Number of protein chains: 2
Amino acid sequence: MAEQPLYQQIAEDLRKQIHDGTLAPGSQLPTETDLRKQYDASRNTIRDAVKRLSSQGLIETRPGRGTFVTTRPDPFVFVLTAQPGQLSVGEGVTYLSTVGAEKRKASMSTPTVEVQAARTVIAARLRVPPGTQVVSRHQERFIDGFPWSLQTSFYPMEFITRGAIRLLMAEDIEVGAVQYLGDMLGLSQFGYRDWITARTCDSNEQAFFRIPHDSTVFEVFRTAFDQKKNPMRVTVTVFPTDRNQFIVNVGDVPEPEYSQDDPPA
Amino acid sequence: MAEQPLYQQIAEDLRKQIHDGTLAPGSQLPTETDLRKQYDASRNTIRDAVKRLSSQGLIETRPGRGTFVTTRPDPFVFVLTAQPGQLSVGEGVTYLSTVGAEKRKASMSTPTVEVQAARTVIAARLRVPPGTQVVSRHQERFIDGFPWSLQTSFYPMEFITRGAIRLLMAEDIEVGAVQYLGDMLGLSQFGYRDWITARTCDSNEQAFFRIPHDSTVFEVFRTAFDQKKNPMRVTVTVFPTDRNQFIVNVGDVPEPEYSQDDPPA
DNA sequence: GGGTATTTGTCCGTATGTATT
DNA sequence: AAATACATACGGACAAATACC
């Protein structure tokens, strides 16, 4: 039974205080100088302990102000298995806490449109050779002004030459891109596949979502298929894991019971 | 444009070398002493840079040996929207790389059975009052001997008193628990809901999966419903995000295209 | 097994910079 | 401007794990 290093012991002690509520979410931890006296350790050792908890997202440090227990936002719950075609932006999103929850509103930035050579993953999903030109439409999405997700949709360049010219416009397609493709090209969405992965965020995402540099995000690849089972669109959406959850319904299921988890033991 | 701190510059430089392949996966980084000369920085500054990459999972340090670029295992891809009843253990799992992929085999430990007071999340999903006694069956699951997931299923205690006594036995229910409940209690699974979340791993999970202390895991809550839409089982499965991905199919979709992502820019 | 060199881990001290109040 | 609190960067000393002879 080897003894744990001092900084880990301190981290464990603080973690317990956070979990049992001695240190409530949002409250300030003792300053480094105080902790130093409290545990009779050097400042660097205290900082190692704090860094450990900080990198796990339990606490966050604010220069000049202090160290605080992280407050977790009320998670957004997104239903992945909705019926195709009947969803518009932000629909399918619900919230864990229903107490006093006025209806929240999703919004998005006007799209950034680019023509790119398709990355390997995108090309494979669109079933085009890697490096093929594709149209990319990128949007920032918010819920009640809170950064929610970053979404990029990819369409085959061929759709443009076949007449779906509005895909190149840096403006919302009010009627919905799927509807528009149906009108212009006779394509309709008969199904889609979501591919859910997780990874650490990059610096763009870190800045947009205002999350610590090493926190993780969901990256969901949605491939939409037309009536001939050909891919018509690939949408990559990045969700920070601290505020997003997903629901998948299979078969005959009732309405979900929304419930907060109890604090981990 | 403020200049970045030295340790972050060093981290960035090393990150680039990892991404562009100068430092290949599995290869050893220069030692701290070498890096110190290379960047003309103190050992602690080098260590701060290394820690930054280490906490992001890009590199891992092995005491007495050196620092190495992380090798990522071939991800397991799990299909969440399979038809109920037709799945046994490990089915629905495929692999990204198909090159020379002999059929891999899933296995699991014999279950650990406990009777517990239901946590809030479990109770809400089973639709019983919090604190109600429930049967918990916990198993470690492997693929080709590689730790894959940790699974705990919860059943209402009432099932035992109604005769499904084998739920209390610490042994596999060969025929499958769902089938068994059908035979004994006339319950059959008409649907399920998966609730996908992510969080940082705890120390048990860290040890079992052999992952760094602050890496994240998927936590999937699967609630199974019977013909009357009543919950009959809640299964909580923990998957490390570094080796697991999920697929959700909706509507009419073709077979997936498995494809590795290209290295992030 | 033992001894030694190498490499990372822990812990301390100090000085200075930057952000906030 | 001054005080407070965290961030960066340097230095040193010893411990623990590993590899090699």
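Good morning. A polar contact is a pair of N or O atoms within 3.5 Å. With that definition in mind, I turn to this model, which is predicted, and begin with DNA strand D.

A polar backbone atom of Ser42(B) lies 3.1 Å from a phosphate oxygen of DNA strand D. Chain A offers a further example: a polar side-chain atom of Arg47(A) is 2.9 Å from a phosphate oxygen of the strand. A base is reached as well, since an N or O atom in the side chain of Asn44(B) is 2.4 Å from a base oxygen of DNA strand D. Of the strand's atoms within 4 Å of the protein, 67% belong to sugar or phosphate, and the rest belong to bases.

Which residues come nearest to DNA strand D? Of the 24 residues around the strand, they are Arg43(A), Thr61(A), Leu6(B), Asn44(B) and Thr45(B). By class, this surface has 6 nonpolar, 10 polar and 8 charged residues.

I now move to the interface of the two protein chains. Chain A and chain B each bring 52 residues to the contact. The area buried between them is about 4800 Å², and carbon and sulfur atoms give 54% of that area. The chains are also linked by 4 salt bridges. In one of these, Asp48(A) is joined to Lys51(B), with the closest N and O atoms 4.0 Å apart.

On chain B, the largest share of the side touching chain A comes from S9(B), with 9 residues. S9(B) pairs with strand S12 of chain A, residues 244–251, in the antiparallel sense over 6 bridges. Within that pairing, Ile196(B) is the bridge partner of Phe246(A). Thank you.

Notes. Residues are numbered from 1 along each chain as its sequence is written. Chains are lettered from A and ligands numbered from 1 in the order in which they are written. This is a predicted model: local features need pLDDT of at least 70, side-chain atom pairs count only at pLDDT 80 or more; totals for chains, interfaces and linings use all residues. Side-chain values use heavy atoms; hydrogens and water are left out. A residue is near a molecule or strand if one of its heavy atoms lies within 4 Å of it. A polar contact is a pair of N or O atoms within 3.5 Å; within protein, one must be able to donate a hydrogen and the other to accept it, and residues adjacent in sequence count only if both atoms are side-chain atoms. Ala, Val, Leu, Ile, Met, Phe, Trp, Tyr, Cys and Pro count as nonpolar, Asp, Glu, Lys and Arg as charged, and the others, Gly among them, as polar. Contact means heavy atoms within 4.5 Å. Buried area is the accessible area (1.4 Å probe) that two parts lose on being put together, summed over both. A salt bridge is a side-chain nitrogen of Lys or Arg within 4 Å of a carboxyl oxygen of Asp or Glu. Helices (H or I, at least four residues) and strands (E, at least two) are DSSP runs, numbered from the N terminus. Two strands pair if DSSP finds at least two bridges between them.
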